[in-house]
Each structure stands twice: as structure tokens, then as C-alpha cells.
Amino acid sequence: ELALKSLGSEGLFLFSSLDTNNDLYLSPEEFKPIAEKLTGVAPVSEFEEEETPDASGETLSIVAKFQPLVMETMTKSKDGFLGISHVALSGLRNWTAPAAPMSTMLARQFKAFLPPKNKLDLGDPWWIIPSELNIFTGYLSNNRFYPPPPKGKEIIIHKLLSMFHPRPFVKTRFAPQGAVACIQAISTFYYTIAFRIHAEFQLNEPPDFPFWFSPGQFTGHIVLSKDASHVREFKLFVPNNRSLNVDMEWLYGASESSNMEVDIGYLPQMELESTGPSVPSVIHDENGNVIDSRDPSGEPIQFVFEEITWQREIPWEEAAQKLEVAMYPFKKVSYLPFTQAFERAKAEKKLVHSILLWGALDDHSGNAANHCLPLPVPGSGRTLRETVLESSPILALLNESFISSWSLVKELEELQTNRENEFYSKLADLHLEKYNFPVEMIICLPNGTVVHHINANYFLDITSMKPEDVESSIFSFSTNFEDPSTATYLQFLKEGLQRAKPYLQT
């Protein structure tokens, strides 16, 4: 109360955003972001302090390509951003180009991508940066402006993402955090490593309130030598193959419990790519003498690189799927695209288990569905994927009796208006008829007829109640499982199978 009286609500808000350990005291380390802002002097990054560059090591040139978010794809653009202050979106509107269009890095900095000794099989994932959050630990504070100093393997990820924007958070506020990788190809001297990173950016600074920008995922690959002395190629990008791929959240007040606005949008391009293989920063002749990097005519010396012969490799799609399952265990069940799921269900005479939601189920652009309105509300794709959808009994029943799919509401709305294929249009129509915000779980026949459905908010409400308080006509709790969520979802699936029997027998 004394702090509030002395600093005022906005002053206390800024203070608490810097006071990371909540001890009501700003240490020099905590005050550093403001000191740098006031003086305009940034210290040498932690990487240079920790690692002395090898003068004879190779360097890699990386270019950043960025196209800003398409504002018209945001839901709130439909009413002209009515009621949203221009200041709230200023960080987003002003971010039109990468912070550093080009950067030169040491090849050895990429050793963070090398596999540990016990992960040398193709497609066997490991964590570069482990996820420290789960459904039980909750989430990290929204009230922050400046990322904590990166440590260890976080440093190279932070350095790369800083090419896009000066305030990347390599650990997201919501699970799953971190970065995961696996070997995609092996040769005598090289690996191709596929990776997936969950990170986000803080676009605003004081005195404005925080604005979080969370791409669905960063993915890519690196081809590097087994001793990390040479990088043949590097690429990192945000996938842009779905109609929405970024979650945005911004606070409207000077406290953690303040109202939060949420929206989703489309980012056409956000990628980093090496301009070529890494090259020696210093060149020696056969006698070990340093020579000029340019030939007598002034042209840069051209390097010739041996062709890599891969001894073993797996397709990119397989590597990406392994990384996805590592991040999201519920993906042990295949989730097919909407129309493909119905075709497969017809061929295999199975039901379709479909999840229809506002944001994606298998990346960070789906987190918005979890905390629309002031802060986390129960109905969420995030809660579903971290609890019932990854439980063993549910995985087993889904694999045995259903074809699974998840879809964005926006994609089905587009399919609904597509008159080129009346059947697909009808499928979308039947789904949207049953949809209620934010997530609807639907069981239907291969022809699209819905036999059972339940809203995520309602599902999570009844699973948090005592069994005796739930109407027996709605769901009956199984005593075989201690977890009421798993028991109730299992019951939902079994009731769907029961209701579909007359149709499937004809």
C-alpha cells in the first residue's frame, strides 16, 4: 500500500515489471534495462563475455526477412479496432522491418544445436532449451517488458531472434516452452539438425502497457559439422501455411489482474537464412602465413566446399512430426486436415473426432483461445492438449476407433462459402452449426452428421464439479480413472460411439 501511495498505480506497475523476484527492491541487475534505456549505452552481450571468439574460427552471414502482420487479419479489424487505443497497438504498427537485416556470427556459436551423446539416432528428439512449465505450474507473468539475460544455449537463440526485434523472450509465458531438435540426416562429418522453437516478443516499452507477440512456432534446420567448426547452411522461419499464425495479447491496466485483450493474426514472413556456408575469418597459406581474403584483382577469394554425402536421413515431414510430438504428446494421435479426415473415416468406417477452435491446437497461436477476456478462462485448447488429449486411455481409444482432426473456425468459414465442392461446404456448415466459443469437441459420421458434441468451457466446468453434483443424464463418471477429466472425456467418446452405432451398421 505504501508503494502504491508513493509511486501511483502506473509507477508501481513499472516497478513490479522490473522487480523479477518480487522482493520490493530493484537490484542493479533488475534496474539494468532502464539504465540502458536512459543512457543509451548497452553493455557487451553476455555471449561475448562468456566466449572468447576464436580468431581463426569461421563466420556465418545471416539475413533476416520480415513482412509485418497483416492488420486486416485481426478479428478486431472487423469493427475498425473500435475501443482500442492507438497507443496499445503502436509497437505492432511500428514494427515494419527486422531490427538487424544482416548479422555475422561465429560458426562455433551454433554448437548449441549439436546432439547430446545419447541422442544420435535419426528422429530422436532432445531439448536444446527445456520446457519448465506445465498445466500444474501455471504460466509466467504478463507484466514484463524486458527479457531476462539469456544463459547457456539460450544465448544463440536470443541472438538470432534479436535480428527480428530487440526484445525476444526465449522462454514463453505458456507451456510448452523451449526449443527441441532431432537429427534429420547424418554423414561422416556432418549432421542436418531439424529444430522447433517456442519464443515470443514484447513489442511495447514503458510508459505503455505490455503487448505480447507470440508466433505459433519457429522451425527450421541447420547443416553443421560434428565439431561445430563449420556451418553449411541455416534456416529458421515462422510457418505461414495456415490462415492465422500469431497470437497477440495486451494489457489494459497497471496490474497483473488487469483486463487483457486477445487477438490472432497472420504474419506473411519471418525468417532467417544463411547467405552461404561459413567461411574462415582469417585465411592461411600452406606455410601457415595469414593471407589477404581478396585476390590481386580485389575480388573476394572464392571457397570450394566438398559435397556432403548423406549416409542416413529421414524426410523433413517425419522430423517435424517427431518435434511436434515432443512438444505436444497428444499428437501421438494423427490429426488430419479437415476434409482429409472425413475421406479417411469413410474408407476405414470410423467416426471423426474433431476439435474446432478459434486458435491453433498445436502451436502457440492457440494460446489465445485459453485466455480470452480478462485472463485465463477455462475453455481452452491449451488445457485440453495438456490434460485429457495426452492421457493414455484417450490416446488408445482415439487411435482405435476415430479419425482425429482439428480446425480453425476461420478456415471452416472459408470452406463453408466455397461452392466448388458442395460436400466440403456442407461438412463445414454442420460443424459451424454446433460451434460455441472458444473450443468445441465434435464427434461425427463420415458424412458430417454430428452425433455428439461438447463445449470446452462446459466440459471443464463439469469436470471441476463433484461427481454427485453432475446430472447423471449428462455424463456418468467412470470409477476406473482417478482423473475426472480423462474419465469424462472417455465417456464423451464412448457415448459418441454408442450414438453412431445405428448409422454405422446400415
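## A walk through the strands and cores

Let's start with a single pairing: F169 has E200, in strand 7, as its bridge partner. Keep in mind as you look around that this is a predicted model. F169 and E200 belong to a pairing between strand 4 and strand 7 (residues 200-202), which run antiparallel and are linked by two bridges. Zoom out a little and you'll find that these strands are part of an open sheet of five, ordered 4-7-8-11-12, with antiparallel pairing. Strand 4 (168-169) and strand 12 (260-265) sit at the edges, so to speak, each with a pairing on one side only.

Now for the whole protein. There are 13 helices and 22 strands to find your way through. Out of 506 residues, 50% count as buried. If you take contacts between residues at least 6 apart in sequence, 72% of them join residues at least 24 apart. As for the outside, the accessible surface comes to about 23,700 Å², and carbon and sulfur atoms account for 53% of that.

Next, have a look at strand 6 (residues 190-198). Is strand 6 enclosed or open? Nine of its nine residues are buried, so strand 6 is largely enclosed by the rest of the structure. Here's a handy rule: in a regular strand, side chains alternate between the two faces of the sheet. In strand 6, Y190, T192, A194, R196 and H198 are on one side, Y191, I193, F195 and I197 are on the other, and all of them are buried.

What are the neighbours of strand 6? Strand 5 (residues 178-186) runs antiparallel to strand 6, and eight bridges join the two. A179 stands opposite I197 of strand 6. Three residues lie between strand 5 and strand 6, and the two strands form a hairpin. Strand 6 also pairs with strand 9 (residues 218-225), again antiparallel and through eight bridges. Here A194 has H221 of strand 9 as its bridge partner.

Finally, let's go inside. In soluble globular proteins, nonpolar side chains tend to be buried together. The largest nonpolar core here has 63 residues, and I355, M441, Y489 and L493 touch the most other members. Why does this core lie between domain 2 (58-325) and domain 3 (328-505)? Both domains give residues to the core, so it lies between them. Take Y489: leaving out residues up to four places away in sequence, Y489 touches H353, I355, V388, L389, I394, M441 and F459. There is also a second, separate core of 56 residues, and M74, F81, F201 and I222 are among them.

Key: Residues numbered from 1 in each chain as written. Predicted model: local features only at pLDDT ≥ 70, side-chain atom pairs only at ≥ 80, totals over all residues. Heavy atoms only, no water. Pairing = 2+ DSSP bridges. Helix = DSSP H or I, 4+ residues; strand = E, 2+ residues; numbered from the N terminus. Core = buried A, V, L, I, M, F, W, Y, C linked by side-chain atoms within 4.5 Å. Buried < 20%, exposed > 50% of the residue type's maximum accessible area, 1.4 Å probe, protein only. Domains from an automatic or database assignment. Contact = heavy atoms within 4.5 Å. Areas by Shrake-Rupley, 256 points an atom, 1.4 Å probe, with all protein chains shown as cover.
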